[in-house]
Protein chains: 2
Amino acid sequence: MKELEQRILKDGDILGGDILKVDSFLNHQLDITLLKHIGEAFYEKFKDDKVTKIVTIEASGIAIACFAALKFNVPVVFAKKAQSHNLGNEVYTSKVHSYTYDRDYDITVSRKYLSEDDTIVIIDDFMANGLATEGLLDIAKQAGAKVAGIGICIEKGFQPGGRRLRDKGYKLVSLAIVDEMKEGEIRFRELD
Amino acid sequence: MKELEQRILKDGDILGGDILKVDSFLNHQLDITLLKHIGEAFYEKFKDDKVTKIVTIEASGIAIACFAALKFNVPVVFAKKAQSHNLGNEVYTSKVHSYTYDRDYDITVSRKYLSEDDTIVIIDDFMANGLATEGLLDIAKQAGAKVAGIGICIEKGFQPGGRRLRDKGYKLVSLAIVDEMKEGEIRFRELD
């Protein structure tokens, strides 16, 4: 998605070796016009898949999931991090390791909101090692839900998550794939 | 907002004394059509206030803030809970006490995304004691930003947050105010 790539080049910040900060438009301050276009781009890729729900993880996936859901006209279900006091015990749970924070955390989804009747698209802002997505795939499997595919705004192509999921046969749509970040320069993978 | 009140009566669950669960449509699974209408309702109340940004707190405020921002055509800024490794030190910070989880946490907003040039509406899903909102007001004050008002989906009118903020002179718009929850019955305050 050229608009996203250009925005990353204009407003993204490279920190240290492999941290790409996009918090001016994607995950702290949110550019609503860009998010609308991102939602439309995901819709184009999955519109024939009879999608019933968009699934993501709090917090930074929620906005993106909402704008996709707006096009699909289906609900969003966002997984919660850590056991919430108010969720009740009727939840699917999966354990996720975060490299950013170097710790494990649980994600939970109420059994009421995901079932074998659902066909979902998993949406998130970033994919690096892909472990958050694997956690959502695990929950979808527990629910018996069909996974139409995975929509990611920015994939770090130099980390293994994307390749592993494609090797497993998932339809993974990344709107921008960063293959290299070196000396402040970002190189994107050519996309169809 | 009659649509929200009716949805609470239809799908809300009362747990224990004063917990109202609305996670089937507002803060776990998200009903996108309802959220659009909620965003439009907030827009009607603040559309003449030259709003430049919608401000909320992760996670359950984000979706609602996005649908308000869609109508205002301005960015969302969502405060993060706890110091994030990637935010940098250039942040406004305020301490918030959560009664739900019985602990204090910090909320942070990057200084880059809120300034004296901004006029904001603070949006959230719930107000009970109002401490999360007070934290955002504290951050707005640090930034020198003007606060046009506060938009809340569900206010618990039997808890002190709403009254305290109105007494301080804030324009607080709650789309549904629950004045009593007793034996499974919910009584709403009459709204204009």
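## A buried residue in strand 4

A residue counts as buried if 20 or more other C-beta atoms lie within 10 Å of its own. In this predicted model, I57(A) has 26 other C-beta atoms within 10 Å and is therefore buried.

I57(A) belongs to strand 4 of chain A, which covers residues 53–57. Leaving aside residues up to four places away in sequence, I57(A) touches F78(A), A79(A), K81(A), I107(A), D124(A), A132(A) and L136(A). D31(A) lies 26 residues from I57(A) along the chain, and the C-alpha atoms of these two residues are separated by 19 Å.

## Helix 2 of chain A

Helix 2 of chain A consists of 15 residues, residues 32–46. At 1.5 Å a residue, this helix should span 21 Å, and the distance of 21 Å between its end C-alpha atoms agrees with that expectation.

Which residues of helix 2 of chain A are buried? They are I32(A), L35(A), I38(A), G39(A), F42(A) and F46(A). Viewed down the helix axis, the buried residues fall within an arc of 115°, so they line one face of helix 2 of chain A. The general geometry is relevant here: an α-helix has 3.6 residues a turn, so residues three or four places apart point the same way.

## The contact between the chains

Chain A and chain B each contribute 29 residues to their contact. On the side of chain B that touches chain A, at least two residues each come from strand 2 (19–21), strand 3 (29–30), helix 3 (60–72) and strand 5 (76–81) of chain B. Helix 3 of chain B gives the most, with five residues. By character, the residues on this side of chain B divide into 15 nonpolar, eight polar and six charged.

Strand pairing also links the two chains. Strand 5 of chain A (residues 76–81) is joined to strand 3 of chain B by two bridges, and these strands run antiparallel. Opposite V76(A) stands L30(B), in strand 3 of chain B.

## Relation of the two copies

How can chain B be laid on chain A? A turn of 180° with a shift of 0.0 Å along the axis achieves this, with an RMSD of 0.0 Å. That is the relation of a two-fold axis. In chain B, the C-alpha nearest the axis is that of A59(B), which lies 2.5 Å from it.

The interface residues fit into the same account. Of the interface residues of chain B, 100% are also interface residues in chain A, so the copies meet through the same surface.

Notes
Residues numbered from 1 in each chain as written. Chains lettered and ligands numbered in written order. Predicted model: local features only at pLDDT ≥ 70, side-chain atom pairs only at ≥ 80, totals over all residues. Helix = DSSP H or I, 4+ residues; strand = E, 2+ residues; numbered from the N terminus. Expected span 1.5 Å × (residues − 1). Buried ≥ 20, exposed ≤ 12 C-beta atoms within 10 Å, placed from the backbone. Arc of directions from axis to C-beta. Contact = placed C-beta atoms within 7 Å. Nonpolar A, V, L, I, M, F, W, Y, C, P; charged D, E, K, R; others polar. Pairing = 2+ DSSP bridges. Least-squares fit on C-alpha atoms with pLDDT ≥ 70 in both.
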